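Please look through the predicted model shown here, with attention to its enclosed spaces, one of its helices and its cysteines.

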Amino acid sequence: MFKSVCCVVLFSFVASAAKLPSEIPKCNYEEHDCIIERTNWVLKNRPEGIPSIKLLQFDPINVPSMSIVQGGNSPVNIDLQFKNVKFYGLNNATVTRISGFKNTVDQEIELDLNTPKVALIGPYTINGRVLILPVQGKGDSNLTLENVDVKIRLTGKKITKNGKDYLQTDNLKLTFKTTRAWIYLGNLFNGDPTLGPTTNEFLNENWKEIFGELQKVIEDAFSKIIQALFNNVFAALPYHSVFKQGGE
């Protein structure tokens with residue numbers, strides 16, 4: 001997945017610079033209330049994306065592949081692979097805090113947001129052990145998180161192309177808290193009518209312990225998804241063109 005993301009970003013740099021659509025009025029540098037308002041407008045009104053600025057569809061996000069792999073001495077020791085899944089929930093997210101977006105590309109940027117629900121739905125394979133229970137299966141899955149508070153932290157770095165400065169990052173970090181996780185793994189143990197339902201029940205009864213072990217791995221996987229969205233847009237839009245300049 002990371003290689004495909006890089007290809008998209010590089011293609012964006014080769015293409016001519018995009019302009020912020022007129023339906024999204026510009027803000028001043030560090031005018032955080034304005035930036036929050038514009039961002040929330042996009043989240044609520046443009047889930048299909050904005051092709052002119054290379055903002056891909058973000059609800060749902062098509063995720064070609066995603067891995068949750070945990071080894072070592074962890075009580076949750078699994079290899080969980082998702083292929084061609086969809087990630088839902090950003091359309092209902094609300095940005096509550098932003099810092100950064102200064103008159104310089106090299107900077108620290110932070111965003112806080114919350115959403116009532118996110119879900120990752122689609123084909124999976126799993127092999128390993130969860131607490132005391134062996135788990136093996138291949139089929140359809142649904143991983144849903146409720147009442148999710150998300151923090152995104154990144155360092156912007158300047159890339160200059162054709163005399164214009166662009167913001168990119170390779171270290172976006174996403175962390176989250178949730179009040180409930182629901183897990184469904186279909187066709188466990190080749191569709192065994194007893195082991196499958198029993199295992200899903202066990203996973204949901206013990207979701208706190210499971211997520212306590214897997215949280216870091218899940219956060220890293222989600223970070224790559226959001227970083228790809230972020231970099232794709234800012235590879236198309238010269239950084240300073242996003243903000244008001246003298247006379248605007």
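How much space lies in the second largest cavity? In this predicted model, the second largest cavity holds about 180 Å³ of space. It is lined by 18 residues, and those closest to its centre are I78, L80, I183, I210 and L214. At least two lining residues come from each of β2 (76-88), β4, β5, β8 and α4, and by class the lining of this second largest cavity comprises 16 nonpolar and two polar residues, with no charged ones.

A search of the whole structure finds two cavities of 30 Å³ or more, and the largest has a volume of about 930 Å³. Its lining consists of 42 residues, with T39, L43, L111, F230 and F234 lying nearest the centre. Of these lining residues, 38 are nonpolar, two are polar and two are charged. The elements that each supply at least two residues to the lining of the largest cavity are α2 (32-45), β3 (94-99), β4, β5, β7 (173-177) and α4, and α4 gives the most, with seven residues.

Turning to helix α3 (residues 195-205), the reader will find G196, T199, N200, F202, L203 and N204 buried, and what covers the buried residues of α3 includes β4 (107-130), β5 (133-161), β8 (180-185) and α4 (207-236).

There remains the matter of the cysteines, where a search of the whole structure finds one disulfide. C27 and C34 form this bond, with their sulfur atoms 2.0 Å apart, and the torsion about the S-S bond is about -75°, so the disulfide is left-handed. C27 is buried at a relative accessible area of 5%, and C34, at 8% relative accessibility, also counts as buried.

Methods. Residues are numbered from 1 along each chain as its sequence is written. This is a predicted model: local features need pLDDT of at least 70, side-chain atom pairs count only at pLDDT 80 or more; totals for chains, interfaces and linings use all residues. Side-chain values use heavy atoms; hydrogens and water are left out. A disulfide is a pair of cysteine sulfur atoms within 2.5 Å. Buried means under 20% relative accessible area, exposed over 50%, partly exposed in between (1.4 Å probe, protein chains only). Helices (H or I, at least four residues) and strands (E, at least two) are DSSP runs, numbered from the N terminus. Contact means heavy atoms within 4.5 Å. On a 1 Å grid over the protein atoms alone, a cavity is a set of points where a 1.4 Å probe fits but cannot get out, and a pocket is an open set with protein on both sides within 12 Å along at least five of seven lines; lining residues have an atom within 4 Å of a point. Grid points are joined across faces, edges and corners, and a volume is the space filled by probe spheres set on the points. Ala, Val, Leu, Ile, Met, Phe, Trp, Tyr, Cys and Pro count as nonpolar, Asp, Glu, Lys and Arg as charged, and the others, Gly among them, as polar.
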